Amino acid sequence: MSAFANIVERIWAMTCELAPWLLLGFFFAGLLSIFLKPETVRKWLGHGGFWSTIKASLVGVPIPLCSCGVIPVAASLRRHGASKPATAAFLASTPQTGVDSIAVTWSLLGPAFAVTRVIVAFVSGVVSGLFVRWVDRSPDPVTVPTAESSDPTSGNPWLAALHYGFIKLPRDIAKSLALGILLAAMLGALLPGDFLAKHIGSGWTAYLLITAVAIPLYVCSTGSIPFAFALMQAGLTPGAALVFLVAGPAVNVATITTMAQFLGKRAAVVHVAALVLVSWTAGWLFDRLALGPAGESHFHDHGMAPAWWSHAAAVVLLIIIGLALWPQREKKKSCCAAEPQTPAETPKACCCGAVEESTSGR
């Protein structure tokens, strides 16, 4: 079999593996968009204190926002009275996971990996909030929320959930997901199984190198999963892959620079330090306790042919991804300029999906 045919076969096999769980995740993400309104989140976060940090991290875990989309939402929370520690906790935990990425992680990497990823996202959010609270004890002025217009949409809530889950959310993650599947297939086809084990090794050196690669690389929590899967097939330890799944979505240049704008430079620095500390510690424990998916039945080279419903789900997923990618080319020039944003809400590298989320009252 040629290398090209091998890549194509792996792309389709991985799409069949991901599609049923990803579609299920899209559905539950749509339900969350109905029941977990921004104004409800703002009430939970309060104006400071340890418990607001706990609640902010807990709220952020299931919300399916990418590391770009979370920026304007966090800025809005801050503007509406959330404390600096709570905002930092939300920024740390939210982009790492979501109901969609949790489902896909369970399918591709196993239950131990999925549960650990949720725990790490929550803990890193709490630690980031506590670090920010520790270094910045200046008075935190209370912001009085301005009056907000009511949601002009008055249709069926179930249709609204489906619209969010299968149209709006895919627009945020389609590029990263497609790139992740493509890179995963190329790595699996071209790299021998022990390549990374020989050239990167394991332990702290591997964690450092993976972090250095992940920080400048923009990748969403779902799109990072097939890439991490392929890295493990090429010899990367599960702990190092876990570091990538934390650092890739949660630590990137846009998040760091924007956080420095509306929380301060010291908060941005300790935010990154907290995420690195938690991810490296979690990766080390993951490797030491041998919790990774090596040897489990679901961690395979796709030798078993997918069921017919997996093929059907893959076709549906490809249609959703195609529709999500197609209109962005038309809207890219106008969406960021559709409504003026404050510097705290819009990073220099404007993310249209993120701006759309912030202006639509997600």
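These are my notebook entries on a predicted model of a single chain.

**Entry: the whole chain**

I started with the overall make-up. The chain has 17 helices and zero strands. I then looked up burial. Of the 362 residues in the chain, 51% are buried. Next I checked contacts between residues at least 6 apart in sequence. I found that 87% of them join residues at least 24 apart. The exposed area of the chain is about 16,500 Å². Carbon and sulfur atoms supply 70% of that area.

**Entry: helix 5**

I turned to helix 5, which spans residues 84–93. How many of its residues are buried? I counted ten of ten, and noted the helix as mostly covered. The buried residues include Lys84, Thr87 and Ser93. Ala88, Phe90, Leu91 and Ala92 are also on that list. I looked at the start of the helix too. Ser83 caps the N-terminal end of helix 5. A side-chain oxygen of Ser83 lies 3.2 Å from the backbone nitrogen of Ala86.

**Entry: Ser128 and His271**

I followed helix 5 outward to its partners. Ser128 sits in helix 7, residues 111–135. Its relative accessibility is 0%, so I logged Ser128 as buried. Which residues does Ser128 touch, not counting those up to four places away in sequence? I wrote down Ala88, Ala92, His271 and Ala274.

His271 came next. I placed His271 in helix 14, residues 265–288. Is His271 buried or exposed? With a relative accessible area of 1%, His271 is buried, because the cut-off for buried is under 20%. I set aside its neighbours within four places in sequence. His271 is then in contact with Ala88, Leu91, Ala92, Ser128, Ala250 and Met259. Ala88 and Ala92 are thus on my contact lists for Ser128 and for His271.

**Entry: nonpolar cores**

I looked up the largest nonpolar core and found 77 residues in it. Which members touch the most other members? They are Phe26, Phe90, Leu109, Phe113, Phe244, Leu245 and Leu317. I picked Phe90, since I already had it in helix 5. Not counting residues up to four places away, Phe90 touches Ala56, Val59, Gly60, Ile63, Val70, Val73, Ala74, Leu77 and Pro95. Apart from the largest core lies another core of five residues. Its members include Ala250, Val251, Val272 and Leu275. I had met Ala250 before, as a contact of His271.

**Entry: a nonpolar patch on the surface**

I moved to the surface. A nonpolar patch there has about 1,000 Å² of accessible area together. Among its residues are Trp21, Phe27, Phe28, Trp106, Ile119, Trp158 and Leu162. Which helices supply at least two residues each? I noted helix 1 (3–35), helix 7 and helix 8 (157–190). Helix 1 gives the largest share, four residues.

I singled out Trp106 from the patch. Trp106 lies in helix 6, residues 99–109. Its relative accessibility is 42%, so I entered Trp106 as partly exposed.

**Entry: Glu9 and Ala189**

I closed with one more residue of helix 1, Glu9. Its relative accessible area is 43%, which means Glu9 is partly exposed. I then checked Glu9 against Ala189. How far apart are Glu9 and Ala189 in space, C-alpha to C-alpha? They are 9.6 Å apart, although 180 residues separate them in sequence.

Methods
Residues are numbered from 1 along each chain as its sequence is written. This is a predicted model: local features need pLDDT of at least 70, side-chain atom pairs count only at pLDDT 80 or more; totals for chains, interfaces and linings use all residues. Side-chain values use heavy atoms; hydrogens and water are left out. Buried means under 20% relative accessible area, exposed over 50%, partly exposed in between (1.4 Å probe, protein chains only). Contact means heavy atoms within 4.5 Å. A nonpolar core is a set of buried Ala, Val, Leu, Ile, Met, Phe, Trp, Tyr and Cys residues joined through side-chain atoms within 4.5 Å. Patches are made of residues with over 30% relative accessible area and no salt bridge: like charges are joined within 9 Å, nonpolar side chains (Val, Leu, Ile, Met, Phe, Trp, Tyr) within 5 Å. Accessible areas come from the Shrake-Rupley method with a 1.4 Å probe; for residues, only the protein chains shown count as cover. A salt bridge is a side-chain nitrogen of Lys or Arg within 4 Å of a carboxyl oxygen of Asp or Glu. A polar contact is a pair of N or O atoms within 3.5 Å; within protein, one must be able to donate a hydrogen and the other to accept it, and residues adjacent in sequence count only if both atoms are side-chain atoms.
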